[in-house]
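Here are a few worked exercises to try with the model open beside you. Have a go at each task before reading its solution.

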Amino acid sequence: MARRVLLLLAVPVLVLATVYLANSAGLRRHPTAMAAHETRTGNAMFVTADGPRLMCNGSAYRVSGANYWQAMNLGMAGGASSDRPRVLQDLETLASYGVNMVRIMAASEGSQYGEAPDRMHPVLMVSPGVYNEDVFEGLDWVLAQLPRYNMTATVSLANYWTWSGGIPQYVSWATDTEIPYPAQWDPLNQIFEGGDYETFLAYANRFYADESIYKTVQAWYRSHVRAVVERVNSVTGIQYKDNPTIMAWELMNEPQIIDAVEGERLLFRWIDESAKLIRSIDPQHLVTSGAESKNGARWFDVMHRSPHISLASCHFWPLNWGYYNATDPTTASVAYSIDKMREFVHLNSKWALELGIPTVLFEYGMMRDNWGEFAGTRAYSPDAPVTHRNMFYSAVADCANELSASGGHGAVAGSAFWAYAGLARPPKIPTTNITWTGDPPHEPPGWNSVYDKDVETLDIIKRATRQ
């Protein structure tokens with residue numbers, strides 16, 4: 001679940017030719033640790049990991065996923081964000097195209113400084129340990145609907161980015177300071193505006209790197225983990241930890257690396273402690289870190305070597321990472337993006353194999369054509385073509401199938417596109433109201449959204465599920 005801002009193009013986090021190849025050896029998991037990733041439940045209905053494969057009911061389980069982060073709010077019984085008829089139609093459409101997993105949020109945090117226009121609201125956790133039960137019941141309702149469509153859910157327990165409040169809000173609570181937001185979309189002026197990205201990273205990373213607040217923010221986070229994992233669904237009466245509809249728990253959406261002397265130790269400590277907590281109260285579900293896995297083999301290992309992590313995670317964003325020029329009408333830029341994607345997914349598959357666990361490309365996306373009649377902000381229109389996007393989606397599908405443990409020679413257990421807007425459409429007149437498309441409220445509505453009318457794109461997903 002991304003925090004897509006064009007400012008990120010300047011961040012030197014991906015130097016594939018050098019960084020990815022560094023420290024690629026010596027990462028094989030000790031056999032006793034590898035055994036910790038094997039199936040730990042006799043209930044065949046749960047999705048489990050068996051080496052580099054996902055399994056369910058005795059058969060390989062291939063993830064054909066969609067990011068549907070907004071589900072919790074749309075599933076509320078009432079209020080401005082509520083739209084249960086839309087959720088049902090969206091799920092029915094996704095299922096008809098072979099989607100069997102949705103990735104959703106089970107976390108959003110409120111600010112003590114008032115409601116921000118670039119954040120989800122209403123929020124689930126108003127303040128530490130204080131919940132809006134109406135939002136929680138929206139999550140209950142969504143999870144109760146998924147079996148009707150033969151779907152599972154990957155449930156994210158936190159977010160690095162501010163569009164849901166995220167871990168910066170934990171830091172804000174603990175220090176009583178305002179978040180130094182990075183660049184965000186100004187919906188009225190139709191432009192990205194905001195602060196310094198590096199300043200924001202330093203602030204957010206205090207969540208797992210600042211010893212003066214570590215115990216406080218982790219107590220809040222762990223309390224939230226328990227509140228979700230041990231919750232009894234108000235619709236079904238089933239505890240979340242006993243619900244096979246949930247495929248995996250995700251520690252956080254896109255935890256970022258810590259550029260410090262002890263950065264690796266500090267980040268691993270948080271991942272290992274958090275995953276261990278979940279496994280101690282719920283040994284039945286998969287646990288994944290939520291990592292983008294964009295910083296090479298060494299950081300992939302940091303984010304996935306914990307014996308309590310049973311599923312690796314990776315994301316790929318060609319525009320944000322500087323591989324794609326959305327204004328180039330030729331195929332040169334999208335072809336380059338595809339080459340980089342293939343390199344990236346191959347490396348992530350290799351690293352996951354070395355750890356003896358499967359991986360899922362939990363996010364990938366591309367904006368609509370951004371040239372000619374649809375130059376500038378017109379690219380956010382649902383009427384803009386998706387020529388390059390469809391080329392890119394097709395290549396992702398082919399690569400994921402090629403590197404599957406079942407039909408190929410890798411550890412890629414599937415993928416999930418970002419993100420499904422379904423029936424929603426961007427506003428025709430600029431507004432600060434959340435439109436609940438596939439794009440979070442800090443981004444232009446329509447940027448990476450896939451609509452129900454994008455039949456050619458959805459057909460690519462459907463064809464991939466049949467391969």
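**Exercise 1. A loop residue**

Task: Leaving aside neighbours within four places in sequence, find which residues Thr-377 is in contact with, and decide whether Thr-377 is buried, partly exposed or exposed.

Solution: Keep in mind that this is a predicted model.
- Step 1: With neighbours within four places left out, the contacts of Thr-377 are Trp-185 and Gln-190.
- Step 2: Place Thr-377 in the fold; the residue sits in the loop between S14 and H13.
- Step 3: The relative accessibility of Thr-377 is 41%, so the residue counts as partly exposed.
- Step 4: For a distance check, take Asn-448, which is 71 residues from Thr-377 in sequence and 13 Å away in space, C-alpha to C-alpha.

**Exercise 2. Helix H13 and its cover**

Task: Test the length of H13 against 1.5 Å a residue, then find what covers its buried residues.

Solution:
- Step 1: H13 runs over residues 387–402, which is 16 residues, so it should span 22 Å.
- Step 2: The end C-alpha atoms of H13 are 23 Å apart, which agrees.
- Step 3: List the buried residues of H13; among them are His-388, Arg-389, Phe-392, Tyr-393, Val-396 and Cys-399.
- Step 4: The cover over these buried residues includes strands S13 (312–316), S14 (359–364) and S15 (412–417), along with helices H12 (332–355) and H14 (455–466).
- Step 5: Now zoom in on Phe-392. Not counting residues up to four places away in sequence, Phe-392 touches residues including Phe-316, Val-334, Ile-338, Met-341 and Tyr-364.
- Step 6: For H12, repeat the length test: its 24 residues reach 35 Å from first C-alpha to last, close to the expected 34 Å. Gly-356 follows H12 and has a positive phi, near 75 degrees.

**Exercise 3. The cores**

Task: Which residues touch the most other members of the largest nonpolar core?

Solution:
- Step 1: This core has 116 residues, and Phe-207, Tyr-208, Trp-270, Phe-392 and Phe-417 touch the most other members.
- Step 2: Helix H10 (residues 263–281) gives the most to this core, with nine residues.
- Step 3: A second, separate core has 15 residues, including Val-47, Ala-49, Tyr-61 and Val-63.

**Exercise 4. A helix pair**

Task: Describe how H9 and H10 pack.

Solution:
- Step 1: Helix H9 (residues 211–229) packs on H10 at an angle of about 30 degrees, with the axes 11 Å apart.
- Step 2: That angle makes H9 roughly parallel to H10.
- Step 3: Their crossing is right-handed.
- Step 4: At the interface, residues of H9 including Tyr-214, Tyr-221 and Val-225 meet residues of H10, among them Leu-266, Trp-270 and Leu-277.

Methods. Residues numbered from 1 in each chain as written. Predicted model: local features only at pLDDT ≥ 70, side-chain atom pairs only at ≥ 80, totals over all residues. Heavy atoms only, no water. Core = buried A, V, L, I, M, F, W, Y, C linked by side-chain atoms within 4.5 Å. Buried < 20%, exposed > 50% of the residue type's maximum accessible area, 1.4 Å probe, protein only. Helix = DSSP H or I, 4+ residues; strand = E, 2+ residues; numbered from the N terminus. Contact = heavy atoms within 4.5 Å. Expected span 1.5 Å × (residues − 1). Axes fitted to C-alpha atoms, helices over the stretch in contact; angles between N-to-C directions. Parallel < 35°, antiparallel > 145°, perpendicular 65-115°, else oblique. Left-handed = near helix turned anticlockwise from the far one by under 90°.
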